[in-house]
Amino acid sequence: LLAGATVAAFGFFGCSSDTEEDENLVVEFTVTGTDTSSERTVTMKAPDEYKDKDIKIVYTLDESTPEITFNSKNYSATATSTATSIAEYVDYGTASLYDSAVKIAITTTIKARAFYVDTASEKCVMGSEWSTKTVTVNADTSNVSSTVDEATGASSGTFTFSLK
């Protein structure tokens, strides 16, 4: 009896039948600029073999890996591809939905995952892993002085702090 309950519980909390993983569905990154640039632009896309699919990419800039869940009950094959409509049937947690190039001004690790809904089976197909890319940006230190100047015109004084 205990083994049956364990199997039933695992089946319930295991992988959803509404999603599939595809190890070839990875996010490809293109980064403009060099490591010495003060700002870089990152574009993301799925491999060319998926160009006939309505691929969506979600990403994080804080190295988190939120879980992506698909709610097939809310999905409609006629759904539009706006961020609002996608959020009605795909929960991607704290990730952002990629819609245009991302500007990076500090060294950042981007984690991204691609997915699409197979309209025939109404299953969400996603990359089997989060793709990661560390983008190095040179902090602009051209205006930072390495010496400390003495304050001029300052006179000594006494400061008194009190709590009321």
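In this predicted model, F70 is buried, and Y75 is buried as well. These two residues form an aromatic pair, with 5.9 Å from centre to centre and 55° between the planes of the rings, an arrangement that is called tilted. The angle explains the name, because a pair counts as stacked when its planes are under 30 degrees apart and as edge-to-face when they are over 60, while the rest are tilted. The pair does not stand alone, since ring pairs link F70, Y75 and Y89 into a cluster.

Looking beyond this cluster, the reader can find five aromatic pairs in the structure. One of them brings together Y59 and Y98, whose ring centres are 6.3 Å apart and whose planes meet at 75°, so this pair is edge-to-face. Where do Y59 and Y98 lie? Y59 belongs to strand β4, whereas Y98 sits in the loop between β7 (96-97) and β8 (102-104), so the pair ties together parts of the chain that are 39 residues apart in sequence. Both partners are hidden from the surroundings in the sense used here, for Y59 is buried and Y98 is buried too.

The next residue to visit is T109, which is part of strand β9. Is T109 buried or exposed? Its relative accessible area is 16%, and because buried means under 20%, T109 counts as buried. The side chain of T109 is joined to the side chain of T134 by a polar contact of 3.1 Å. If residues up to four places away in sequence are set aside, T109 touches T60, L61, E63, K133 and T134, so that T134 appears both as a polar partner and among the residues touched.

One of the residues that T109 touches, E63, deserves a look of its own. E63 is located in the loop between β4 (56-60) and β5 (69-70), and its phi is positive, at about 70°, although E63 is not a glycine.

A second residue with a positive phi is E122, which is likewise not a glycine and has a value near 55°. E122 is placed in the loop between β9 (108-118) and β10 (123-127), and thus follows the strand that also holds T109. How accessible is E122, and what does it count as? The relative accessibility of E122 is 36%, and because partly exposed covers the range between under 20% and over 50%, E122 counts as partly exposed.

Note on methods: Residues numbered from 1 in each chain as written. Predicted model: local features only at pLDDT ≥ 70, side-chain atom pairs only at ≥ 80, totals over all residues. Heavy atoms only, no water. Helix = DSSP H or I, 4+ residues; strand = E, 2+ residues; numbered from the N terminus. Buried < 20%, exposed > 50% of the residue type's maximum accessible area, 1.4 Å probe, protein only. Polar contact = N/O pair within 3.5 Å; in protein donor to acceptor, adjacent residues only side chain to side chain. Contact = heavy atoms within 4.5 Å. Phe/Tyr/Trp six-rings, centres within 6.5 Å; stacked < 30°, edge-to-face > 60°.
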